[in-house]
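Visitor: Please take a close look at the largest cavity in this protein. What lines the cavity, and which strands supply the lining?

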Amino acid sequence: MNTLFSRLRFLVAAALLFLAAQRPSLAGSATWDQNPLSGDWNTAANWTPQTVPNSEADVATFGASNVTNLSITNASVSLDSAVFNIGAPPYTLTIQIYNLIFYGAGVVNNSGSMQSIVAPTVDQNEADMFF
């Protein structure tokens with residue numbers, strides 16, 4: 001009986017350690033809110049759940065919203081993809097030229113509307129700092 005109990009305890013402990021070591025692949029994935037506080041990408045309260053998508057495995061999803069002009073400034077954002085759902089209005093995402101990187105599907109536009117990503121031009125001195 002003692003051996004059976006020890007084996008069971010070992011298996012339960014191993015299972016708990018295995019589960020604790022798992023990292024959800026989409027832990028920072030989020031959907032842009034219908035009524036966000038602002039157009040700032042880096043404000044967690046603008047997303048559901050309240051997290052900012054910013055890893056190689058994250059998906060940023062967009063649907064109906066009353067704020068469709070977003071900006072990413074002073075931060076680098078990495079994504080698997082940005083997905084615009086069916087019926088999403090036209091969005092404009094303004095970025096600095098060096099701060100949005102896709103590692104997976106990239107931009108997936110299922111909305112039927114044209115989406116815009118605007119990267120303002122930079123002068124040569126600023127470009128040399130980042131490239």
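**The cavity and its setting**

Guide: The secondary structure of this protein comes to two helices and eight strands. This is a predicted model. From the N terminus, the order of elements is α-β-β-β-β-β-β-β-β-α. The strands thus sit between a helix at the start and a helix at the end of that order.

Now the overall figures. The protein has 131 residues, and 31% of them count as buried. About 8200 Å² is exposed. Carbon and sulfur atoms supply 59% of that area. Take the contacts with a separation of 6 or more: residues 24 or more positions apart account for 54% of them.

On to the cavity. The count comes to one cavity of 30 Å³ or more. The volume of the largest cavity is about 80 Å³. The lining draws on several stretches of the chain. It consists of Trp-41, Phe-62, Leu-70, Ala-82, Phe-84, Tyr-91, Thr-92, Leu-93, Gln-115, Ser-116 and Ile-117. By class, eight of these residues are nonpolar and three are polar. No charged residue takes part in the lining.

Three strands each supply at least two lining residues: S5, S6 and S8. Strand S5 spans 77–84, and Ala-82 and Phe-84 are in the lining. Strand S6 covers 92–95, with Thr-92 and Leu-93 among the lining residues. Strand S8 runs over 116–118, and Ser-116 and Ile-117 line the cavity.

Strand S3 also deserves a look. This strand covers residues 59–62 and includes Thr-61. Phe-62 is one of the cavity-lining residues. Is Thr-61 buried or exposed? Thr-61 has 15% relative accessibility, so it counts as buried, the cut-off being under 20%. Leaving aside neighbours within four places in sequence, Thr-61 is in contact with Ala-30, Thr-31, Trp-32, Trp-47, Val-83 and Asn-85. Of these partners, Val-83 falls within the 77–84 span of strand S5.

Finally, the loop between S5 and S6. Ile-86 is placed there. Ile-86 counts as exposed because its relative accessibility is 76%, and the cut-off is over 50%. Which residues does Ile-86 touch, not counting those up to four places away in sequence? They are Asn-110 and Ser-111. Ile-86 and Asn-110 are 24 residues apart in sequence, yet their C-alpha atoms are 5.0 Å apart in space.

How values were computed:
Residues numbered from 1 in each chain as written. Predicted model: local features only at pLDDT ≥ 70, side-chain atom pairs only at ≥ 80, totals over all residues. Heavy atoms only, no water. 1 Å grid on protein atoms, 1.4 Å probe; cavity = no way out; pocket = protein on both sides within 12 Å on 5 of 7 lines; lining within 4 Å. Points joined across faces, edges and corners; volume = space filled by probe spheres on them. Helix = DSSP H or I, 4+ residues; strand = E, 2+ residues; numbered from the N terminus. Nonpolar A, V, L, I, M, F, W, Y, C, P; charged D, E, K, R; others polar. Buried < 20%, exposed > 50% of the residue type's maximum accessible area, 1.4 Å probe, protein only. Contact = heavy atoms within 4.5 Å. Areas by Shrake-Rupley, 256 points an atom, 1.4 Å probe, with all protein chains shown as cover.
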